[in-house]
Each structure stands twice: as C-alpha cells, then as structure tokens.
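Reader: I've got a structure open on my screen and I'd like to talk through how its helices pack and where its cavities sit. Can we go through it step by step?

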Number of protein chains: 4
Amino acid sequence: MPSVIVAGASGYTGALAARILHRHPGFDLVAVTSRSDAGRRLDDLYPYHRVPMTLEELDLDRHGDADAAIVAYPHGAAAPVVAALRERGVKVVDLSADFRIRDVAEYERWYVQHPHPELIHDAVYGLPERYREAVRDAGLVANPGCYPTATVLALAPLAGHIADVVVDAKSGVSGAGRKLQDSTHFVAADENVTPYGVGRHRHMPEIDQELHAAGAPRHLRVTFTPHLLPLDQGELVSCYVTPSAEFGEDELVNLFDDMYAREPFVELRTGPVGVIDVRDTNYCRISWHQDPRTGRIIVFSAIDNLWKGAASQAVQNLNLMFDRPETEGLL
Amino acid sequence: MPSVIVAGASGYTGALAARILHRHPGFDLVAVTSRSDAGRRLDDLYPYHRVPMTLEELDLDRHGDADAAIVAYPHGAAAPVVAALRERGVKVVDLSADFRIRDVAEYERWYVQHPHPELIHDAVYGLPERYREAVRDAGLVANPGCYPTATVLALAPLAGHIADVVVDAKSGVSGAGRKLQDSTHFVAADENVTPYGVGRHRHMPEIDQELHAAGAPRHLRVTFTPHLLPLDQGELVSCYVTPSAEFGEDELVNLFDDMYAREPFVELRTGPVGVIDVRDTNYCRISWHQDPRTGRIIVFSAIDNLWKGAASQAVQNLNLMFDRPETEGLL
Amino acid sequence: MPSVIVAGASGYTGALAARILHRHPGFDLVAVTSRSDAGRRLDDLYPYHRVPMTLEELDLDRHGDADAAIVAYPHGAAAPVVAALRERGVKVVDLSADFRIRDVAEYERWYVQHPHPELIHDAVYGLPERYREAVRDAGLVANPGCYPTATVLALAPLAGHIADVVVDAKSGVSGAGRKLQDSTHFVAADENVTPYGVGRHRHMPEIDQELHAAGAPRHLRVTFTPHLLPLDQGELVSCYVTPSAEFGEDELVNLFDDMYAREPFVELRTGPVGVIDVRDTNYCRISWHQDPRTGRIIVFSAIDNLWKGAASQAVQNLNLMFDRPETEGLL
Amino acid sequence: MPSVIVAGASGYTGALAARILHRHPGFDLVAVTSRSDAGRRLDDLYPYHRVPMTLEELDLDRHGDADAAIVAYPHGAAAPVVAALRERGVKVVDLSADFRIRDVAEYERWYVQHPHPELIHDAVYGLPERYREAVRDAGLVANPGCYPTATVLALAPLAGHIADVVVDAKSGVSGAGRKLQDSTHFVAADENVTPYGVGRHRHMPEIDQELHAAGAPRHLRVTFTPHLLPLDQGELVSCYVTPSAEFGEDELVNLFDDMYAREPFVELRTGPVGVIDVRDTNYCRISWHQDPRTGRIIVFSAIDNLWKGAASQAVQNLNLMFDRPETEGLL
C-alpha cells in the first residue's frame, strides 16, 4: 500500500486531507507535518477529524521516503517543498497555486516571483474531469483552486460558445483559512454578506486559462467576483453566459450530458442547487437555465470548498496517480 | 398630528412599519389590523418591536377616518383595500406590487388579473431618490420592491449608459415572509445558499420599468437572479454593467456624486459594502468598481430588505406626503 | 445479509437512518416508507443523503417480510406499526417514545393512552452502553430520546452518588423535526436562544427512569430544561450534580474510566466539549469538572441529536441485534 | 449640556457607548479615544454605528476637561485611567471589573494586583435597579459585568430565600470581544456550542457579592457556567434555585412585581424568554417557573450583553449621575 504524507496539515485543507487519507483503504498515511503546530495532536486541533496522529516538523530525510505527498502550504512557500519532494521521487499533489498557472509571467503578475519555474511544465492541472489521463501519469499535480473548480466545471461544456461571462461566486468562511483575521471573526461575518477581492482575485487568471484550454475564445476574460457568506463550508458560483450562438434546449442538454453523464462526481440537476446538498462531499452539483428574455444561459455550480474545492479533489487525483478506483475513500 | 393605520400588521413588513410609526414624533399610529391574527397583541407576536397595541380586523367605517395608511397585504389582495381607503380620502402607501407596474398588461403577465387598474396611474412609484416631488403630492404611493430598490438605486446613475447588465442578488430569509415554508425552515436555510425564482422573479419587470424611466435603452432587459442566504435581514445586489461607452474614473465619480451627494439615505463608499452596515436602517450603501480587464462597471448596493426595502421606505414616503422632514423617525 | 426497512423515512431521523443503512455493508435496505411523501424520491427530499430510493406506502404484506425495521413514527402512531411488524417476526428498533417508559401509567401521564401496553415489557431500552447484552437478544428495541441519551451517559457513572441534579440542555433546531412551526422558521430561531417545555418536557420521566436503573436514589427527580439554539444539529447537556458524598479526583477518574474506557462511542475528555466535535457521528463526548467552591460535579455531554441521539444509535442497536460488529457502518 | 468622552472606543462596548451618546439629546460626545486605533475613523471601524468621529490618543490635559467619561479598558488597565480622570474631577462610568469587587483581596484573587485600591470604596456598583440613589450621587460608577447584570436581576427578588442556585449562562460571541482568538473564528463558533471558563469565570465572585448584598445567606456560592453560542449578541441566564422555604405562586408573583413593576427596563413575562426579544435594547426580560416535581424555581433572564450588559447600562448610569431622565437616549 503506498505511503503518503500530508505536509502542512494544520490548516483546514491539509487537516481534511489527512482525515480522508486516514480512513482511505488504499493509502497508508504515515505522517502529518506542520511548521506552526509541530508537536500538537491533530485530533486536539481538529477533534472532529479524529486523526490520532501528532504533527511533526517536515523532515525530508524521513518524509522523502514516502510514495506520495499532499502539500498544503501557502503559495510561494509550497514550491520549494514540492521541488524537494519531487527530487526524492515523491509523487506530489500540491494544493497551492504555485503550479496551476502555465505562464510564469502571468503567475508572477498575480502572485510572487516563482521559486521553481522549471517544474511548471511537469505539473498537470488536477481537475480530473478535464485531465484525467494526464493525471494518471503525473508526478506532480497542481490541485485547482476552489473557485476555478466550480467555475470551470460549470462552464466547460459551453466553453466554445461563450461570447462573454460574468461569474458571481459565494463562499463560506472556511475558504478564508484558519488564520485569524478581522473579516473572519464571528461577529464580522455572521448576519453579513460582502464582496471581496473585487477585480483582483487571483483565481481569475486560473479560470481564464482553463476556459481557454476548454475552447473559449482567446480574448475572453471572465468577470469574477467572490462574496463572503455566513456559513462554514460551501461554495456556489452563478455563471451568466452570453452565448456566441443561439442554443436549443436539446443542444444544451447534450452538451452537459456528453461531458458529465459518466462522471462519478458531477451531478446534473434541473431544479435549484444548494451548497448544503454537496456539504462534506467530493460532488459538484450543476444546473443550468436559459433566460428567454435575454438569451443568457445561467449555470449554477455548487461544491464544498474544502472538499471538491481542495482536499477531496486532491485524494481523487491521488487515486488516479496510483491506479486506485477514482472514487475510493470518497463516497 | 396626522393619524395613520397599518393594515396587515402581522407580517414582517407591516409589523416593522407599526414599530417605526409607533415611535415617530410626527404621526399618530391609531390602529394595526390583521386578517389572520386579529385579537392578538402585536407585542406578543413581535416582542422586539414593543408596540403595545392589539391587532384588529380592518373596519373601513372606523379605519377609513385615518389620515394615512400603510397597506401590507399580498399582491392582488392589496388593491381592493387600497381602493376602499382611497375612496374615503385616506392617503395610502401600498407595500404590495399592485400599483408598481405602470403597464396593466405587464402586471397581469407576472401577477394576477388587476382588481383596480383605474388606480394605477394615480399611483406614484415610491422611490424618493427618483420621484421625491411626485411623492409629496401623491395620494397613493406604490412602495418599491426590495430588489428594485437596491438595484435601481445602484444603476440609476449609469442608466443612460448601460448596454447590458447582470444583477446577482442575495437576500436574508426575512425576505420570504413570515409564512411557513419548507425553504425557510431553519434546517433548510442554515448553512445553505441557493438561487430561486431563476428567470421568473417578479421584480424583473419592475426593475426594467424603472431603469427605462431612468434613461436606459428601451430594449434593455435585466438578467436578475436572487439567492437565499442564511441571515435574517439584509440584501446585497451585485450589478455587472457592460457600459455603452468608456468611462474615466472621474466621470463615474461625478455620475454617482451628482445623483446622491445630497441624498440623506444613500451612502457612497469606495471600499467593500456589507449588509450588516445598513442593518435596521433606511440607508442604501453603494460602491462601484471598474474592471480594467473587461471594461465592466460593477456596482454593489446593500439595504435592509425589511427597512429601506419595505417598511422604513414607506415611512420615508409618508414623511414626504405629509410635509414632515424626510428623515424624521428614521435616524 | 439481513434485509431492513425504514418506516417513516421522510422525517429527519428516519431519512438519516436510511442514509446510514444504504451505505452499511451488513444490511440490505430494501424499502423506505412514508405516510405523507409516498411516491417522492428520498434523494429529492434530502439530496445530501444520496439515497436513490422512492418512498412507498407501508405495506405489511410486503414489508413484513423484512428481517428488521427501523420505525420513525411519532409517539402513539408508532406502537401499532411496531406491533404489526413484530407479529410478522420483524425485529424492530423504534425511534418513538412508545416503548421507552416501563411504567404504562407514567407513559400515559406524559403521552397518550398506550395502544400496545402488552409489548412494553418485551422492549429493551436501546442504550447499548447500558443494556448491550439485552439488546443483542431483543426483538424490540426502544431507541432512547436524544436528551436521555446524552444525559444518562453523562450521569450513569455517578448515579449511585447523586443527591440532586440540574440538567440544562441545549439543542440545535433539527431536534424539533421537519414539521413547519413558527419556532423553527429561520427568522425566529436565528440569533436567538430560548428555553422551551419548561417543567414539562417528556424526556424527564425517561431520564429519571434510567438514572434510577443506574442506581440513583428512588426519590431523585431531575430538573431538566431544554433550550433551542441557532444551529442545525448538535446537543449539549450541562449536568450540575450535588453528590451525596465527597469525591477525590482519582475516584471520579475511576468511575468514568471504569464505565467508558472500552466503549467505542464514548469519548472522555478533560478539556472543553463542543457539539461540533461530534457532528455527524455516533460519538458521545463527555467531560467533567469538580467545583471546589460548591462541591458540585459538573458533567458536559455532547452528541449529535440526529445521530447518537436517534438514527445512528438505532443502527448501533441493529448491529448488536444481528451480531454485526457494533461499530459497523458507523465510523 | 454635559460633555462626555468614551475612552477605549475601539472595542465593542466602547464603540456602542459612543453610538448611543452620539445620538443622546442630553450629552455632548466630545471625543472618542483608542490606544490601538488612534487616527482611524470610528465609522470606518464600525460602519453600522455611524459615529462620524476620529479616534484619538487619550490626552488627559484635553480630555480631562470633560464632564464625564465612559472608560472601556481591560481590567487592570482601566484603574489608572479612571484614577487620572477622577483626579481632574471627571465623573466616570467604568466598564471594567476594576471597581466592581468591594473586597480588594477577593479582586486580586481573581484578577491582578489592584492599581488603585483606594478608589474602590468611592465606587458605586452601577446596577440602577439595585443602587439607583447611590448612582445619582456617585463620581465613579463600576458598571456591572454582563452575566452579573442578568443574573442578579433574575435572582434579587428571591435572594433572601435561596438555599442553593445553579446558573447556566449562554452568550453570543460578541461577549468575547473584538480581539482575534481561535474560539471566535467563524468556523470555530458557527454550528457549535461549548462551555468555557468552567469553575473559574471571573463573574462568579461578582455575582456572589451582589446576591449577598441582596440578602442571600453569606455562605451561598453560586454555581456558574457560561457557554458560547453561535449568535452575535444576546445573553440568556437560566437560574435553578433551590428555595429555603416553600412559596405559593402568589408570593412569587408579589416578590417579582414588588421589585420590578415600576422598573423602566425590566420586563416580567410569563411565557418563554428569547434573547432576540431584547436585542439592541437596554431591557432585561425575566420569566420564572415553579417546578412542582422538584420544588425548584427556575428563573430565565435575557439581556443584550453589549447593551444592558455593558454600554447602554453605562448610559443609564450617566443619565442618573447627571439628573437626566433615566430612559433618555435608550428607548
């Protein structure tokens, strides 16, 4: 059974990855590491995950022997760890943004100077519904951002036919991470809703890149605005597409069915979509509607930002990389 | 001091109107009526409003002597009550949709057969920031819907320059009213977010009408989608405008300042806008952003759906109709 | 593999029982029934449970062939269904109160006239930590109430030494069930906390009965007050015990350890206990504290009211009744 | 018109005091000060309070000229500021614990070394319902803690007849203050309920002191346990009294009525009490129940922890100290 570590397991997504792997019949979780909380029990920090392990400092000599690693470091800090693990032959799923953007200049425009640009082109973008076969063969998988996951899954079936698109995204507070901030104090977030990162959220270039890869016209730039909502977990993206041609309803049905009918983790629905429906799961639930008044196609896509938007999608990728059933440990 | 009644005071908006009027130095609240809860104390039904009055059956012989009425009945049921009160010379602010839509055919397309179409053209649309002078002289004011209030205030400064617009709206659960429904059960709404009324919400034609009145091109049809959020009160509309021409930032500043700098209840802000900032107030808080990537102008507008979106705006209208200071009882 | 039905699967606890059994490797869930929602898909009513079955009318001819049933009917309505299933030889776990109270007169004082008093003494009280061996041999298990589960587990180690006890209980809104009521409207429950059923909650005689069975003095009557909190699931009971004798800390450690050290679903903790720690699990998490100022022993006990407080405990009982590993399907 | 400053206006209670005073017709709010946020606009930090003032460093030369001050510093840090203001003749309401405990040794047992013990006996405990006349003449008022306010008001009518009492308290998250802590992160507090400070909360000696002052036997020690709930504001205390004698219902009615019938801010109710009923007000709402099973008297008391539990009670005290109507600015 392949051994796996989670590096950076004291944050929300790393801890959840540890929980999923701890119960996974196909992997052996051998270590959880943390820079800030080494020495603490993970089940003390996150009682509800019930992972009876102690957080350690990352030690490449020891941890470099693992078969696989999920790395949950902040962007910029992740790349050196990933590089070191790759050097030792460890297969890596990286939850940071460091290897998601193919164009180094574009990455550096939105993030920081890239510490390991030479690795970018070894990385596969870990959205299995788009890159399943490449993920199987990958040594390094760049796990998608939560908003790009929900958005690209919503729009990929239409990508070749999008003249313009507005994406209004809503996320629970866990998306902002465990770090203490004024905006995530209960009193600030409760009974409130507020946009943030307007016009400058780093998931925009990632969404653009993947819509282009799915066939969207090169000049397309998404209008993307996230909002913070008073709930723990859950993310809904509402996508307003101006199509480049008219569609009959049957054509739309076919576009979505063709892409997703056999996908184990995509649920097409005709009625309303709520984030509670996918809470604590790896599912992405999608519904779409045509607005005859305006000709727009509206696509709703709901995920759990910590699961399909991060940790469980990472395990879905690991399953593929190690020839396990894709849904193992995730149902 | 003018006497005023609230007809339909057992619902959320009627009860709140009663609370505001009960404390108002310029009006004498003489009766609160209810079809379903006559005989009950209003301060038993809504302890937090502290209105020490008993709900009565509406009795036109008695209540028709009042100088003014706020009517908070459902659409269709409101018009006959309004007509009867108007016949007796009572000045009315109607919280229903019955007199908002100028075009009877359009009203009947979205609602029901209109019981009193002859009154529509006596009615003034009660958005003081747009129709202040007409409201002063009105005998019948059609109080705007909550979404139209927030949306029209957000977009009016740009109306003449809108080529296309997507409005993504988010509302707290009180917007769905006091009636028991599966969707407003705590367990259904908590930790959830879901779109509703997609492509068929009745506030769309109202928004279109008022954007046209503000100068938007006749062919413009808004794409409007509301979402239900896990909070009590508060409404945020995020408006994505494709302008018909390019704007410099100064021009935008001027457009908004010219319209709102002297408005007592519109707050222009440059930073983020949260619904908590306007909770339990008659304020509408607006901020706008230009997105250089796409050329779009994004306008955020936050109100309290029960206050500026209904009850306190009704009192703002009453203040105007009775020559009281516009902000009286509302600060 | 034993076949099992859930009768009354459209309520919160029945639906959750169906979800757990649908994924359980040791049982074959063959039918889900409902009086009010027959014909509807369970995964339409509860998308997040993902049970791809259609609710049926209960049909004893067909459903009476099952090996086991979980019955989730209201009290009074449950007993006849249970009796009919028992007659056909079906092993039953009943989620109602109908077979929990050993003393018919006491049952009838708090509930209704008992439809099948003759079955009461066949029933085993389904708190496995107290009656494990009896449950193994039972044909009819009366699944405990949520508050009695948390309270009896908290107090059983001390039962013989309780001079007096106050139990202050706090529950999420799902405890009030799916039925629409004013008190469970989101707007009523959100941002609120309120006591209910003060001095007359039906779980009181059940708690008394089980404390007596655990060794409490016959004259002991619990003071029990539940409160409704603004959360979905989760229940905390805070028990204030006046002991009949002084205890050293070691004695207390031993009392709790002796009873629970080998229990798979009881977690003893020394620090604070939060309901989030046991959310969506069959665990009961307990901590206790001595207050030297007053001599009181304070015991906190947290469960998920829908899980250990109802549906998952029912499955724990089923596991015992069919010689499955006690934790199967529940970790 | 007396001039007043708020020292420490960047925390929740100081900012709210500033809001109330800014709208108060009888006081002139001349300055708001902050150690951490001097230079920031108060309406930037707390938009919803709409106090258009800039936070300043406390400057005794200037601010010492004010007629009155509300001091909202942490315990230990408050006393020196209070002493300096008193020296300059400023009347002070202190929101900290520094002058609440009459017995210096007891204060130092629970808090820190007292910086100004000589002032303790000049201070009046600012619970107007208990010490109204003394407050009128006071130069220094020690504003009660939130839990003592709710608890002492609940129990004072019974104080002479309490053999024993358990107080189970529930508070919204704002009670923990604005400081960032793990426990007040939205993700930690949402959907959770947890006890804290078990057996060592600093409000216990304050409650004991005031129950003794109200006539409770000297040996009485309250068992007091607070719990953190997922709401912003609001506090409910559930008091379980073992009376020293039997009471008829009429006697109880009289005890409570005699004490509170003429109190402007105490509401006696017979039905359930919810914290939402007193949100954003200076009211304390109390109901009591006799439990014939156990002989206990259960008293529920609800306040808004930031209002009657802190800032608005401070203004109620200021009104008394400056001969203003007691309810001015508070209805």
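Reader: Which hand does the crossing have where helix 1 of chain B passes helix 11 of chain B?

Author: Keep in mind that this is a predicted model. The axes of helix 1 (residues 12–22) and helix 11 (residues 311–321) of chain B come within 8 Å. As helix 1 of chain B passes helix 11 of chain B, the crossing is right-handed.

Reader: And are helix 1 and helix 11 of chain B parallel or oblique?

Author: Their axes in chain B cross at roughly 50°. Angles under 35 degrees count as roughly parallel, and the perpendicular range is 65 to 115. That angle therefore makes helix 1 of chain B, relative to helix 11 of chain B, oblique.

Reader: How many residues of that contact between helix 1 and helix 11 of chain B are charged?

Author: Helix 1 of chain B brings Thr13(B), Leu16(B), Ala17(B), Ile20(B) and Leu21(B), while helix 11 of chain B brings Ala311(B), Ser312(B), Val315(B) and Leu318(B). By class, this contact of helix 1 with helix 11 of chain B has seven nonpolar and two polar residues, and the number of charged ones is no residues at all, or none.

Reader: Helix 6 of chain B also meets helix 11 of chain B, so how many charged residues are in that contact?

Author: The axes of helix 6 (residues 128–136) and helix 11 of chain B come within 8 Å and cross at roughly 40°, and the crossing is right-handed. Pro128(B), Glu129(B), Arg132(B), Val135(B) and Arg136(B) of helix 6 touch Gln313(B), Gln316(B), Asn317(B), Leu320(B) and Met321(B) of helix 11. Sorted by class, the contact of helix 6 with helix 11 of chain B has four nonpolar residues and three polar, and the charged ones number three.

Reader: Over in chain D, how many nonpolar residues are in the contact of helix 1 with helix 11?

Author: In chain D, the axes of helix 1 (residues 12–22) and helix 11 (residues 307–321) come within 9 Å and cross at roughly 40°, and the crossing is right-handed. The residues in contact include Arg19(D) of helix 1 and Trp307(D) of helix 11. In this contact of helix 1 with helix 11 of chain D, two residues are polar and one is charged, and the nonpolar ones number nine.

Reader: Now the cavities: how many charged residues are in the lining of the largest one?

Author: The count comes to two cavities of 30 Å³ or more, and the largest holds about 90 Å³ of space. Among its lining residues are Asp190(A), Asp190(B), Asp190(C) and Asp190(D), along with Glu191(B). The lining of the largest cavity has six nonpolar and no polar residues, and the charged ones number five.

Reader: What about the second largest cavity: how many polar residues line it?

Author: About 30 Å³ of space lies in the second largest cavity. Its lining is made by Leu180(A), Gln181(A), Thr184(A), His185(A), Leu180(D), Gln181(D), Thr184(D) and His185(D). In the lining of the second largest cavity, two residues are nonpolar and no residues are charged, and the polar ones number six.

Key. Residues numbered from 1 in each chain as written. Chains lettered and ligands numbered in written order. Predicted model: local features only at pLDDT ≥ 70, side-chain atom pairs only at ≥ 80, totals over all residues. Heavy atoms only, no water. Axes fitted to C-alpha atoms, helices over the stretch in contact; angles between N-to-C directions. Helix = DSSP H or I, 4+ residues; strand = E, 2+ residues; numbered from the N terminus. Parallel < 35°, antiparallel > 145°, perpendicular 65-115°, else oblique. Left-handed = near helix turned anticlockwise from the far one by under 90°. Contact = heavy atoms within 4.5 Å. Nonpolar A, V, L, I, M, F, W, Y, C, P; charged D, E, K, R; others polar. 1 Å grid on protein atoms, 1.4 Å probe; cavity = no way out; pocket = protein on both sides within 12 Å on 5 of 7 lines; lining within 4 Å. Points joined across faces, edges and corners; volume = space filled by probe spheres on them.
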